[in-house]
Amino acid sequence: MKKLSKILVVLSLVFVFCMPLVMSGCLFGGGAKIEIHTNFKNEYVVGENLDVSNGKLTYTNENGKKNTVVITQQMVSGFSSETVGNFEMVITYEGETLTYAYEVYQPVDLSVGDLFYCNPSPSAAVMGSPNPENYYDYVKVFADNKIYVTHALEVTPTQAPEFFADIDISYALQFTRSIENKKVKYTYSYVTDSSYMSYEIVVDNANQVTLSASANYFSEPLVSVCTKNVIA
């Protein structure tokens with residue numbers, strides 16, 4: 001009889017302490033929650049719009065059942081790209097929330113009138129010049145993504161402003177602007193049956209660009225780092 005009483009007491013205690021947990025779902029399935037299933041864009045240029053393309057989350061209900069949900073812009077709050085810095089947006093689904101970190105940055109870009117020079121000229125060396133250190137490659141920036149590139153000039157940076165004074169936008173090539181790895185990149189490509197030419201200009205910082213060039217008259221692709229010299 002005493003043994004039976006002890007068993008009943010133990011069962012009563014188990015019922016008293018475990019029943020609230022069972023009722024709240026803590027033992028079976030737990031509370032509902034959301035988690036990121038597939039990441040979406042988390043780096044934005046100042047002024048850029050929110051992009052949740054390909055973003056998905058996993059929703060787990062109170063019974064532990066999971067479901068994959070496509071993230072929409074309507075689920076997101078607290079996003080702004082007006083200021084440079086690191087921030088968090090809030091994603092809400094079925095009353096559950098989570099935060100998603102993102103960064104806003106402002107890449108350095110070219111300005112109209114910028115002039116960059118590379119010395120020694122890699123193109124002069126490739127074309128067989130015995131003294132490539134006497135030659136310069138130049139990049140001059142015009143409006144509307146039009147850029148003039150020239151190779152192997154015997155024109156020093158101090159002589160450049162006068163030399164380039166007569167080089168106007170009609171001499172420039174039409175480049176395409178894009179942003180990759182937080183850097184602005186300009187590209188140009190020209191291909192025919194008998195010749196080809198391509199340029200890539202990456203803006204490293206306010207005073208330097210990396211110029212890559214390929215052409216049928218170059219024996220190998222050229223890559224050079226060019227320093228800025230503003231035309232007065």
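Let me begin with one pairing of residues: K33 stands opposite T60 in strand β3. Please keep in mind throughout that this is a predicted model.

That pairing belongs to the contact between β1 and β3, the latter covering residues 56–60, and these two antiparallel strands are joined by five bridges. They form part of an open sheet of three strands, ordered β1-β3-β4 and paired in antiparallel fashion. Which strands stand at the edges of this sheet? They are β1, residues 33–38, and β4, residues 66–70; each has a single partner strand, so one side of each is left without a neighbour in the sheet. From one strand to the next, the twist averages 30°.

I would like to stay with β4 for a moment, as N67 lies in that strand. N67 counts as partly exposed because its relative accessibility is 44%. Setting aside neighbours within four places in sequence, N67 has contacts with L57, T58 and Y59. How far is N67 from I34 in space? The C-alpha to C-alpha distance is 9.6 Å, while in sequence the two residues are 33 apart.

I turn now to the other sheet. This one is open and has nine strands, in the order β11-β10-β9-β8-β16-β15-β14-β13-β12, again with antiparallel pairing. Its edge strands are β11, residues 173–174, and β12, residues 176–180, each of which pairs on one side only. Within the sheet, β8 and β9 run antiparallel and are joined by four bridges. Here F116 has V139 in β9 as its bridge partner.

Next, the nonpolar interior. The largest nonpolar core has 22 residues, and those with the most contacts inside it are L110, I147, V149, F175, Y186, Y199 and I201. Which elements give two or more residues to this core? They are β8 (115–118), β9 (136–141), β10 (146–153), β13 (183–191), β14 (196–205), β15 (208–215) and β16 (222–228). F175 serves as an example: leaving out neighbours within four places in sequence, F175 is in contact with N145, I147, V149, Y186, T187, Y188, Y199 and I201. There is also a second, separate core of 18 residues, which includes L50, Y59, I71 and V104. Y59 has already been mentioned, as one of the contacts of N67.

Let me move to the cysteines. How many disulfides does a search of the whole structure find? The search finds one. C118 and C226 form this disulfide, with their sulfur atoms 1.7 Å apart. The pair links distant parts of the chain, for C118 is in strand β8 and C226 is in strand β16, 108 residues apart. Both C118 and C226 are buried. For the chemistry, a disulfide is a covalent bond between the sulfur atoms of two cysteines.

My last topic is charge. Side chains of opposite charge can pair when their charged atoms come close. In the whole structure, the search finds eight salt bridges, and I shall describe some of them.

In one salt bridge the side chains of R177 and D109 meet at 2.9 Å, N to O. Why does this pair tie together separate parts of the chain? R177 lies in strand β12 and D109 in the loop between β7 (96–105) and β8, so the parts that are tied together are 68 residues apart in sequence. R177 is partly exposed, with a relative accessible area of 37%, and D109 also counts as partly exposed, at 29%.

Another salt bridge brings together the side chains of D114 and K228, at 3.4 Å, N to O. D114 lies in the loop between β7 and β8 and K228 in strand β16, so this pair ties together parts that are 114 residues apart in sequence. Is D114 buried or exposed? D114 counts as buried, at 4% relative accessibility, whereas K228 is partly exposed, with a relative accessible area of 24%.

A further salt bridge is formed by the side chains of E200 and K185, at 3.7 Å, N to O. E200 is in strand β14 and K185 in strand β13, 15 residues apart. E200 is partly exposed, at 30%, while K185 is buried, at 13%. Finally, E43, E103 and K182 are joined into one network by salt bridges that share partners.

How values were computed: Residues numbered from 1 in each chain as written. Predicted model: local features only at pLDDT ≥ 70, side-chain atom pairs only at ≥ 80, totals over all residues. Heavy atoms only, no water. Pairing = 2+ DSSP bridges. Axes fitted to C-alpha atoms, helices over the stretch in contact; angles between N-to-C directions. Core = buried A, V, L, I, M, F, W, Y, C linked by side-chain atoms within 4.5 Å. Buried < 20%, exposed > 50% of the residue type's maximum accessible area, 1.4 Å probe, protein only. Contact = heavy atoms within 4.5 Å. Disulfide = S-S within 2.5 Å. Salt bridge = Lys/Arg side-chain N within 4 Å of Asp/Glu carboxyl O.
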